[in-house]
Amino acid sequence: MLFISATNTGMGKTTATLRLLRLLRERGFAPLCCKPLETGVQDPTKTDFAAQYACLQSLGIVQHYQAQKHGNVQILPNAQSLCAQSFVLPASPFVSALAEGKHIAPDSILRFVQEFATLAGKEPLLIEGAGGLFVPICHNYFILDYIKELGARVLLVSNGILGELNTICLSLEAMQRRAIKSFVWINPKNADEHADFLRLSEPFLQVAQIPYYIAQEGLEHIAQQICKEQQ
């Protein structure tokens, strides 16, 4: 079980999820994914979970699981089935739920992922988070707490530009304190960001021996590592 989080919003969690799905499929697996919580949902067809579902369909993964017999239970009937709860306000899940007079029960979103883990069986399961590690889900319960209870490993996504080194290190320290295994994927959006990472952040990551991977080549390495662990 791999939980895809980030140092901030907009870093590329969905990009990482979709690319890993394709890379794992190319290697003969039928990976599953889900987005338990999503905010800022104005149009359900333009969401992260909708992009995930379209990717699963294009790879034949939805069809693969629907072909399995599970009694009268519908398997992955639509994009919304990948998301436990979605909200309109583009804020943390806690604030977005509050704005709609709702509450997110940790037990319900834990069960949601556990059901996906059961369906996936021995296949890889990717869980896309919402924002960063200390984004609140409900009072005194954060994404980091959710990850710990799931027992998942974390892929931390960052663009690696100026200012990100501090956030990367704080995120890694928070996970180390909770015995959460993790590694970093650097996702530069363009050549300038890539150059900034190489010049401003990479020297420290190398000296500190922090495991990190860069761009598409890095994701291919991560996919290969997942494949080895699944065998």
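**Exercise 1. The enclosed space**

Find how many cavities of 30 Å³ or more a search of the whole structure gives, and describe the lining of the largest cavity.

*Solution.* Start with the count: in this predicted model, searching the whole structure turns up one cavity of 30 Å³ or more. Next comes volume, and the largest cavity holds about 40 Å³ of space.

Now go round the wall. The lining is made by F3, P36, L37, I127, E128, G129, A130, I143 and Y146. Then ask which elements these come from: β5 and α6 (143-150) each supply at least two residues of this lining, and β5 gives the most, with four. Finally, sort by class: seven of the lining residues are nonpolar, one is polar and one is charged.

**Exercise 2. Two open pockets**

Work out the volume, lining and residue classes of the largest pocket, then do so for the second largest pocket.

*Solution.* Take the largest pocket to begin with. Its volume is about 300 Å³. It has 19 lining residues, and those nearest its centre are T9, K13, K35, A130 and G131. For the elements, look at α1, β3 (37-38) and β5 (125-132), each of which supplies at least two lining residues. Here β5 gives the most, with four residues. By class, the lining has six nonpolar, eight polar and five charged residues.

You may recognise A130 from the first exercise: this residue lines the largest cavity and also lies among those nearest the centre of the largest pocket.

Move on to the second largest pocket, which has about 230 Å³ of space. Twelve residues line it, with V73, Q74, I75, E115 and L119 nearest its centre. Its lining divides into seven nonpolar residues, four polar and one charged.

**Exercise 3. A helix pair**

Describe how helix α1 (residues 13-26) packs with helix α10 (residues 215-230), and list the residues that make the contact.

*Solution.* First, the geometry: the two helices pack at an angle of about 55 degrees, and their axes are 9 Å apart. Because of that angle, α1 is oblique to α10. As for handedness, α1 passes α10 in a right-handed crossing.

Second, the residues. From α1, the contact uses A16, R19, L20, L23 and L24. From α10, the partners are Q216, L219, E220, I222, A223, I226 and C227.

Third, the chemistry: nine residues of this contact are nonpolar, one is polar and two are charged. If you would like to follow α1 further, go back to the largest pocket, where α1 supplies at least two residues of the lining.

Definitions and conventions. Residues numbered from 1 in each chain as written. Predicted model: local features only at pLDDT ≥ 70, side-chain atom pairs only at ≥ 80, totals over all residues. Heavy atoms only, no water. Axes fitted to C-alpha atoms, helices over the stretch in contact; angles between N-to-C directions. Parallel < 35°, antiparallel > 145°, perpendicular 65-115°, else oblique. Left-handed = near helix turned anticlockwise from the far one by under 90°. Contact = heavy atoms within 4.5 Å. Nonpolar A, V, L, I, M, F, W, Y, C, P; charged D, E, K, R; others polar. 1 Å grid on protein atoms, 1.4 Å probe; cavity = no way out; pocket = protein on both sides within 12 Å on 5 of 7 lines; lining within 4 Å. Points joined across faces, edges and corners; volume = space filled by probe spheres on them.
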